[in-house]
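Here are my notes on this one, as numbered points. Have the viewer open while you read.

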Amino acid sequence: MPELPEVESLVEFLRERAVGRAVQRVEVVAFQALKTVDPPVTALGGLTVTGVSRHGKFIDLDIDGLHLVIHLARAGWLRWRDDLSGAKPVRPGKGPLAVRVRLAPDDDGAEPGFELTEAGTQKRLAVYVAADPASVPGIARLGPDPLGGDFTPERLGGLVGGSRTQIKGLLRDQSVIAGIGNAYSDEVLHAAKMSPFKVGATLTDAQIAGLYEAIVTTLREAVERSRGLAAKDLKGEKKSGLRVHGRTGEKCGVCGDVIREVSFADSSLQYCPTCQTGGKPLADRRLSRLLK
Ligand SMILES: [Zn+2]
C-alpha cells in the first residue's frame, strides 16, 4: 500500500509531467471507484492541470479549479503512459484498470496520460471530482502532515499524550497523523526503539521527542529514496528500504536479533524484540484470548 513517501513521489512525478497539459478525457472503467457524481468527470475535459499536491495519502490534481482526488487504498497504483493513442476502450469488470486519464496530444501526436489500476478482488481505490478537496470525507478528517511545518514534538505530544490507544494504532490513524500506514508505523517504532503496544498516555516527554525524531527522519529518508524514481520503480524501492516491516524471520540490521510478527487489529505488525521490547516477544493477544 502506498503511504506518504510513495504518494509524495507520485505527486512530484505527476507534477513534472501533467501540469500545463489539458485533460482530454477521463475514462472510468471501474464504476465503483468514482465516489462523486457532481461535478461529473466530463466537466474535466478541456481544462488544464494547474497543480498536483498531496493530502495525507490522497493525490490531488488541481484542474483549473476543479479537483481530481485519488486514494490508491491497499492495492491501487498509478501508471504513467507516454502514449495512450493506441489504448483501446476497456470494458468494465475486466482486469485491474479502474480509471484512465487521457491528456491532450503532444505535437508529435503521442497522447500522454496515466492509468489507475487495482489488483485483487477487494476494490477500495477511490476517485473524487470536487470543487473543494476539503469536501472529500477522508481529507476533511486528516490530522496534521508529519512533514508539514506545523508538526512539532509539542503537537505530537498533544495528539498521543492523553490517549489510551496503543502507539501502533495511533500512528496509522489518519485522523491523528496523516500519511502513515502499516509499513511506516512499523519502521518508525523500530527507529524509535519503542514497543508498538505502548499506550499513548504513558509516553514520557523524552519518548515523545524520540518518536517525533523517528517519524520525521524515517519519512524524510523514504521520500529522498523514492524521489525521481519512475512510478513503476517505487514499489520495489519501498520494499528494499524497509528495516522491519515485511521482514519476519530476517535479522535486524541494528542488533542481529530475529524480526518477529504479531497480529494487530485487522493485520499484523513486525518488530525487533531486542530493539523495541526489552528482548521479550510480544504476546499475540487475539490468539491468547482464544485459548483462554
Ligand atoms: Zn534490533
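**Zinc site and sheet**

1. The donors of the zinc ion follow the spacing C-x2-C-x16-C-x2-C along the chain (donors being N, O and S atoms within 2.8 Å of the metal, or 3.2 Å for Na, K and Ca; water is not among the atoms, so sites may look incomplete). Cys252 and Cys272 link distant parts of the chain, 20 residues apart: Cys252 is in the loop between helix 7 (234–241) and strand 9 (260–264), Cys272 in the loop between strand 10 (267–271) and helix 8 (273–276). Helices (H or I, at least four residues) and strands (E, at least two) are DSSP runs, numbered from the N terminus.

2. A word on provenance: this is a predicted model, where local features need pLDDT of at least 70 and side-chain atom pairs count only at pLDDT 80 or more, while totals for chains, interfaces and linings use all residues. Residues are numbered from 1 along each chain as its sequence is written, and side-chain values use heavy atoms, with hydrogens and water left out.

3. Coordination comes from the SG atoms of Cys252, Cys255, Cys272 and Cys275, at 2.2 to 2.3 Å. The site is tetrahedral, with angles of 95 to 115° among the 4 donor atoms (for four donors, all angles must lie between 85 and 135 degrees). Both Cys252 and Cys272 are buried (under 20% relative accessible area, 1.4 Å probe, protein chains only).

4. Elsewhere, 4 strands make an open antiparallel sheet, ordered 1-6-7-5 (strands pair if DSSP finds at least two bridges between them). Strand 1 (23–28) and strand 5 (76–81) are at the edges with a single partner strand each, so one side of each lacks a neighbour in the sheet.

Key
Tetrahedral: all angles 85-135°; square planar, octahedral: opposite > 155°, others 65-115°. Buried < 20%, exposed > 50% of the residue type's maximum accessible area, 1.4 Å probe, protein only.
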